[in-house]
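Dear colleague,

Please find below the sequence and the structure that I am handing over to you. My findings follow after it, arranged by topic.

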Amino acid sequence: MGAEAKTSLPCFELERILYEDPRAKSVNLLGQCEHQGERVPALLLMEKTHFTPAFLASLQQGLEHTFSHLEQIGQNDIYTWVFGWTSDQVHTDAHTKMSLICPANSDLIAKYSAPERRMIIETPHMYETVTKPWIESLPASKVTWVHNILNGESERESVLYNDEDPKTGFVLVPDLKWDRRTLSSLYMVAIVRDGSLTNMRDLTKDHIPLLRKIQKAGAQIAHEKYGLPAPSADGSSSSLRCFLHYMPTYFHLHVHLMSANFTTHPGALVGQAQLVDDVISLLELGVDFRQRTIGYALADGHKLLAALQQAGFAT
């Protein structure tokens, strides 16, 4: 490092945050530095370093060996969420947020691995003959944690909004992947109460009021509780990106509500995310989602991909 860098870095004074990416753990800052006797604008681009091999190796001896303090922030069925500190300074923000999934089945292991993916172009015939029977064959235990939330048995302290109407009601909670602190990565999930709705293909024009209620409640919570900008009065702009997943990870209809500034989350990619406003517009036009051909990405090893291949598709 040169002498100029040594003298310039300490003199940086922050003015404002230009951009932050919670997933990449990076931030772009605007400030001022001393340059040739003058205070001039300066950019400081920062990112947190990745976990070192030594840190990861220490996990072989247990979390208690790696972290000096652990704080459980939630638990539901097989999911447990924990903050961890690597020093005794527990009055500071946690150094690591962890999600423990135990026991983890093969589907979950595949989901969080890095396999090859392929795009599936699912026709109505493929859905009716393969995908729908596969969904119906899944054990009810896969959504036990969802029913725990809806019934108030888990995460009661995390509920942000609760509408108990059996047809148009839902529960709004923070997504398990959000640290509940970083507003630029704000991420909530609305879980509907109508158990007959498993995925986007089940939606009809009758469900438009449900989707609009979710959008309105999400915008209200994002603005009043977290300080995000309120949506425009005419509804033509919002600080939230609201979408459904197709193919979803679990088959009880839910809507994802994410800060519009959170642009790097993989769940918001084309090939999985379907904007709620687009879905509403298509339903208003009379589109039958069971008769649509829909594209989505599946990872190698996914059991639905295996079922499709066994039926002669996606080979």
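Is His254 buried or exposed? In this predicted model, His254 has a relative accessible area of 5%. The cut-off for a buried residue is under 20%, so His254 counts as buried.

This residue deserves a word on its annotation. UniProt lists His254 under "active site", in an unreviewed entry. His254 belongs to strand 12, which covers residues 254-259. If neighbours within four places in sequence are set aside, the contacts of His254 are Val189, Ala190, Ile191, Leu244 and Pro248. In addition, a polar atom of the His254 side chain lies 2.8 Å from the backbone oxygen of His252.

A second position to look at is Asp202. Asp202 sits in the loop that runs between strand 10 (187-192) and helix 7 (208-224). With a relative accessible area of 11%, Asp202 falls below the same cut-off of under 20% and is therefore buried. Its side chain forms a polar contact with the side chain of Arg290, at 2.5 Å. Apart from neighbours within four places in sequence, Asp202 is in contact with Tyr127, Ser196, Leu197, His207 and Arg290.

Tyr127, one of the residues in contact with Asp202, is also one of the buried residues of helix 5. Helix 5 comprises 14 residues (124-137). From the first C-alpha to the last, helix 5 reaches 19 Å, close to the 20 Å expected at 1.5 Å a residue. The helix bends by about 35° at Thr131, and Pro133 follows within four residues. The buried residues in helix 5 are Pro124, Met126, Tyr127, Val130, Thr131, Trp134 and Ile135; Thr131 is thus both buried and the place of the bend. An α-helix has 3.6 residues a turn, so residues three or four places apart point the same way. The buried residues of helix 5 pack against three elements: strand 7 (117-122), strand 14 (294-299) and helix 9 (303-310).

Finally, the overall division of the chain. The domain assignment gives domain 1 as residues 9-112 and domain 2 as residues 117-311. The centres of the two domains, taken over C-alpha atoms, are 27 Å apart. Domain 1 contributes 19 residues to the contact between them, and domain 2 contributes 24 residues.

With kind regards

Technical notes:
Residues numbered from 1 in each chain as written. Predicted model: local features only at pLDDT ≥ 70, side-chain atom pairs only at ≥ 80, totals over all residues. Heavy atoms only, no water. UniProt positions renumbered as here; feature names shortened; annotations may be inferred. Helix = DSSP H or I, 4+ residues; strand = E, 2+ residues; numbered from the N terminus. Buried < 20%, exposed > 50% of the residue type's maximum accessible area, 1.4 Å probe, protein only. Contact = heavy atoms within 4.5 Å. Polar contact = N/O pair within 3.5 Å; in protein donor to acceptor, adjacent residues only side chain to side chain. Expected span 1.5 Å × (residues − 1). Bend = angle between axes of the 7 residues up to and from the residue. Domains from an automatic or database assignment.
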